[in-house]
Every structure is written in structure tokens, then in C-alpha cells.
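Thanks for asking me to look this one over. Here are my notes, arranged as numbered points so that you can follow along in your viewer.

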Amino acid sequence: MMEHPENDSQYIGLTVNGGVPQPPIVNPYLAKRPRRKPMPTASELVEGILKGDITSLSRAVTLVESLSPEHYALAQEVIEKCLPHSGNSRRIGITGVPGAGKSTSIDAFGIHVLKDGGKLAVLAIDPSSERTKGSILGDKTRMEKLSVHPGAFIRPSPSAGSLGGVARKTRETIVLCEAAGYNNIFVETVGVGQSETAVHSMVDFFLLIQIAGAGDELQGIKRGIMEMAEGIAINKADGDNVGPAQLAQAQYRSALHLFPPTASGWRPEVLTYSGYYELGIAEVWEMIDRYFAFVKENGYFEAKRQQQARWWMYETIEEQLRRHFYDNPTIDTLLKGAEADVLANRKSSFTAAQSVLNQYFKDFKD
């Protein structure tokens, strides 16, 4: 029997071609793609950072943000070598209610700062989803001018639910950026919440951005946030909104008079501006200049830096203890058993927690 009976002579004019050869399963162009470069050593990364190489800085920041123990060890070595070259910058924290125009304002502030030369690093903390832990990381798209400026480095990082997104990793990133020659550091937070405490512990000047008509003027928003702010700026003071912005300015000034004197002796100022139309930007930055001149003259600048270093030492100890506890395989098993006892009402939450801790301290002692 013929393989193709239609090719028989009785079927004149009807033929079946053999077809084209079957292509290989593996993409023939796959081998031509360049392989990923191996992870550089700590010395190579530090050398690149000190030269101001963006790629080396970005890779080092990625190591800092990584959860891998191997990356953590390498990141700490890089930070340790960069530490002597850090500290020569103005660290400015910027926070405010969602929709206050923080990213647009940072874009305007940054361009104003870079007019006088120097370099600017923007560490924008992007809120992560509590369900998926994903993050859009869209701050860079809202900083249209800074994102293409050669003197700016923008690093959006997902908060991942950790203290509102600001913790040890952000502080270590500041050290890396300073070693790379960035003499201005902006840290943008998620919004008004617990993250402001962490931001205040790592910056020199804390700027609170507000908008008129947000319903917060009379109560002065969160008292704790107001007490931490070295300056308050009312955004969107343009067009028909100039009057409401000035009214909010007067209300915030009245609220600040009720607060006790600050540790630095500086009395926080309240200004109005428009980030979108770039109105009043110079005045806001002049306020920041006055603050730095004031605290450097009375010695508070260095005292605050030392206080922050001490605070972060204790924060690091707490984090390491927490990691040591939860990474212990024995504790992991005990926690599952304790959780089952609590859910079955065999033990109270406090008794179950104490039994796990007692076992942990016993193992640690042994």
C-alpha cells in the first residue's frame, strides 16, 4: 500500500508535497542572547558606587532589599565599606495625605535643587497590596522631569507592609546614595501613618505637605505628625484655591502655637505653594535652607544625627532577634502546635506564647 495513494498515476495532476522540515523545539536564537553577568563582589560594587556608577548603585540597593541571606551578608559588607563616605547630604523626608501631590511636588523641588548643581536621590516608598504584596511602583512616572535628569536617581521601592514601607532598608539605601555622591536625599512616604516615625528617625528635615479643604485644618490632623514636622507646605495654592490655601495656612499656624517648643529650638513654618504650576517652590526651599543654617549653628544637627544612629542600632537589634526567632525550625514547629491549642481553646493566647518563648530561651541558653 502506497504512503500517498493520491500520487498514483491514475490521479493525474494531484500530488502531495513532502512539506518543510520540522523546526527545532529550542529557539535557535536563544544561545545568542548574552548571559546575565555574575554577581559582583563587595569591593567591585563599592568601587563602582564611589565612582557614581548608577548600575553599581542600583545593584547594591537591590541587594539591600533582597530577602536572601546570601544577599544580606553581601549587602552588609558593601554598606560597611560605604559608611565612611556617607553623611554628607541633606536628608529630607516628605509626607502628606494621599492626593496631596507629593510626587509632583518632589519633581518641582528636585529640579529647583539641581539648578545649583549637585545630585539628588529620591527614595519613593510605594504602597504594596496587603493581599498580593504587589506594587505598581508608579512614582517615577509622576516625576516627569526628574526621571530624565542626569543628576537625579529615583528609586521606587515597595513597602511590602513593613512599617508603612520605611525601615532599615531605606536608611541603608541612604548610606549607599551618599557614598555615590548624592548630596540631597528625598524620602517620600506612603502617607500619614506609622511610617512617619521611621522617616523622622532617618532625615534631617521633615516636610508635611497638605491641601486645603481636606477636613484636617481644625483638628490639625494627627498631633504626632504635626509635632514631628519642621515645616508645613500647603499645596495647590493656585487659581480659585489661593484663598482656601491661605485660610488653611492661618489655621495651621494657629495650631502650631499650641504645641510645646521643639528640641531644636526651631519654630516650624507654614507656607503655601503650587507644585503643578511651580509657584512658591523657591520660598519652600529657602525655609529649608534657614532650618539647616539654624540647627548647624546651635549644634542640634550633629546631636540629631547621633541620636538617629543610636535609635537605629536598637532597631537593628530588635529586627535581628525577631529574625532569629522566626527562622528557628524548632520554633516554627512549636508555633504551629501552640496555634492549634489556641484555636481549640486548650490554651489562652498568652499562655501559648509564653510556652513557646520559654522553650526558645531554654534552647538559646543551652
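**Notes on strands, rings and a few loops**

1. Let me begin with a pairing of strands. Strand S5 (residues 205–211) runs parallel to S6, and five bridges join the two. Within this pairing, Gln210 stands opposite Ile234 of S6. Please keep in mind throughout that this is a predicted model.

2. On its other pairing, S6 is joined to strand S7 (residues 269–272) by four bridges, again in the parallel sense. Here Ala233 has Leu271 of S7 as its bridge partner. The connection is worth tracing too: S6, helix H9 (residues 242–256) and S7 together make a right-handed β-α-β unit.

3. How many residues of strand S6 are buried? Five of the five, residues 231–235, so the strand is largely enclosed by the rest of the structure. If you look at the side-chain directions, Gly231, Ala233 and Asn235 point one way, while Ile232 and Ile234 point the other way, and all are buried.

4. Just after S6, have a look at the loop that leads to H9, where Lys236 lies. Its phi is near 65 degrees, a positive value in a residue that is not glycine. Most residues other than glycine have a negative phi. Lys236 counts as partly exposed, at 36% relative accessibility.

5. Glu278 makes a similar item for your backbone check: its phi is positive, about 55 degrees, although Glu278 is not a glycine. This residue sits in the loop between S7 and H10. With a relative accessible area of 39%, Glu278 is partly exposed.

6. Now to the rings, with a count of 13 aromatic pairs. In one of them, the ring centres of Phe205 and Tyr291 are 5.1 Å apart and the planes make an angle of 70 degrees, so the pair is edge-to-face. The pair links distant parts of the chain, since Phe205 belongs to strand S5 and Tyr291 to helix H10 (residues 281–297), 86 residues apart. Both Phe205 and Tyr291 are buried.

7. That pair is part of something wider: Phe205, Trp266, Tyr291, Phe292, Phe294 and Phe301 form one aromatic cluster. Two members also meet a charge. The charged end of Arg90 sits over the ring of Phe292, 4.5 Å from the centre of that ring, and Lys296 lies over the face of Phe301, at 5.0 Å from the ring centre.

8. Asp204 deserves a click as well. Is this residue buried or exposed? Asp204 is buried, with a relative accessible area of 3%, and its place is in the loop between helix H7 (195–200) and S5. The C-alpha atom of Asp204 is separated by 7.7 Å from that of Gly93, although the two residues are 111 apart along the chain.

9. Finally, helix H12 (residues 329–343). Its 15 residues reach 22 Å from the first C-alpha to the last, close to the 21 Å expected at 1.5 Å a residue. The buried residues of H12 are Ile331, Ala338 and Asp341. Seen down the axis of H12, these fall within an arc of 80 degrees, so they line one face of the helix. The face turned away from this buried side carries the exposed residues Pro329, Thr333, Lys336, Glu339 and Leu343. As a general reminder, an α-helix has 3.6 residues a turn, so residues three or four places apart point the same way.

Key. Residues are numbered from 1 along each chain as its sequence is written. Side-chain values use heavy atoms; hydrogens and water are left out. Buried means under 20% relative accessible area, exposed over 50%, partly exposed in between (1.4 Å probe, protein chains only). Two strands pair if DSSP finds at least two bridges between them. A crossover is right-handed if, with the strands pointing away from the viewer, the path from the first strand over the helix to the second runs clockwise. Rings of Phe, Tyr and Trp (its six-membered ring) pair if their centres lie within 6.5 Å; planes under 30 degrees apart count as stacked, over 60 as edge-to-face and the rest as tilted. A charge sits over a ring if NZ of Lys or CZ of Arg is within 6 Å of the ring centre and within 35 degrees of the ring normal. The expected span of a helix is 1.5 Å times one less than its number of residues. The arc is that of the directions from the helix axis to the C-beta atoms.
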